[in-house]
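Student: Could you take me through the inside of this one, with a close look at the nonpolar core? I'd like to hear how that part sits in the chain as a whole.

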Amino acid sequence: MYDLVAIGNALVDTEFKLTDDILTQTTLAKGNMTLADSQTQSVLFDVLEHHGLTPSKQAGGGSAGNTVACFAALGGQAFYHCRVGDDGFGEFYLSDMANMGVAINGTKSQVKGTTGSCVVLVTDDGERTMQTNLAVSSEIDDSNVDFDSLKGAKVLYLEGYLAMSPNAQFAISKLCQTAKAQGVKIAVSFADPAVIKFAKDGVIAWLKDGVDMIFCNMDEAKLFANTDNDNKAVEALLQHTSLAVVTNGANPTTIGKKDGDICQYPVPSANVIDTNGAGDNFAGAFLYGWSLGLDDGSCVALAGSVASRVVSQFGARLSKSDYQTLKAQVLAHKDD
């Protein structure tokens, strides 16, 4: 029985550190994710090689994948629906997730083909810009889903990037129907500004019957609500959900509740090196605290501590021991 069940794109991240000048030459939109095919991604690698750049880190990734990895490493029971190829990256991805404690049905998740990959470009200010080749992940559908995983679960978590994937919509609809029938809460992550810019209708289709939680940052919330006002953005989210969790970088995180207050909670300061995975980990740690029955402030304290540690290093995930250390530190002071 699992506390958290998620569906998302399985990707292997390859990170590069570079200047804003070189990023400009790639023509990618800073701070956003751009989809690409294998040929286009090969051109990007050529540009990076021309400037003498080599990868800073290579690791398992994907937005929801990072969230469930964080949740499991903190001690929760997590199941992940994804689609990887029968190649070296696919084997690496499944092994990496297993090491983090995440359950995956390999029979349903591994298919013939090429595993998705994401080039993560990190500029000197720590901002991450991504180019993603989904490969076989672009075809994720209900054949990759084990619907029995929802039995007894607490939360179903939907990765916003999948709003861009037509093949995934039937599986997501069926997952949501199954979750509601079994009393499982539904959480949606917006994941990236590009999701709201280019697939807002897909996200709204998920939200039309109401969900229990939305995770996003303030920029995504404002894009969704078409407003420059923070409170109005949160209020717009609360038209679709019972709980809105809105991060805002080093600024306080906003928690909005339908028919309740909109409150702000501080997050720890950080020496920002790489923002890749910050929001994913925040959601994973918040959901872990929520699964323990912690109050909003304690959930944000845990999530903020994890996210601040993530952005102070290269890569979207911490080691299991680091997650456990942060958990022990925060829970020891939760009543202070």
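Tutor: Sure, and bear in mind that this is a predicted model. Let's start with the burial: 54% of the chain's 336 residues count as buried. Within that interior, the largest nonpolar core is made of 49 residues. Its best-connected members, going by contacts inside the core, are Leu156, Leu158, Phe190 and Leu237. Helix H7, residues 193–207, supplies the largest share of this core, with six residues.

Now zoom in on Leu156. Leaving aside residues up to four places away in sequence, Leu156 touches Val5, Leu150, Leu175, Cys176, Ala179, Val184, Lys185, Ile186 and Ala187. Apart from this core there's another one, of 48 residues, and Leu74, Ala78, Val267 and Ala303 are among them.

Stepping back to the whole chain, you've got twelve helices and 16 strands. The radius of gyration is 18 Å, close to the 20 Å that the globule rule gives for 336 residues, so the chain is as compact as a globular protein of that length. Its C-alpha trace spans about 55 × 40 × 40 Å along the principal axes. As for contacts with a separation of 6 or more, 76% of them in this chain are between residues 24 or more positions apart.

Then there's the outside: the chain exposes about 13,600 Å², and carbon and sulfur atoms supply 48% of that area. The chain carries 24 positive and 39 negative charges, and the mean positions of the two sets are 6 Å apart.

Terms used:
Residues numbered from 1 in each chain as written. Predicted model: local features only at pLDDT ≥ 70, side-chain atom pairs only at ≥ 80, totals over all residues. Heavy atoms only, no water. Helix = DSSP H or I, 4+ residues; strand = E, 2+ residues; numbered from the N terminus. Rg over C-alpha atoms; globule rule 2.2 N^0.38 Å. Buried < 20%, exposed > 50% of the residue type's maximum accessible area, 1.4 Å probe, protein only. Contact = heavy atoms within 4.5 Å. Areas by Shrake-Rupley, 256 points an atom, 1.4 Å probe, with all protein chains shown as cover. Lys, Arg positive; Asp, Glu negative; His and termini not counted. Charge placed at Lys NZ, Arg CZ, Asp CG, Glu CD. Core = buried A, V, L, I, M, F, W, Y, C linked by side-chain atoms within 4.5 Å.
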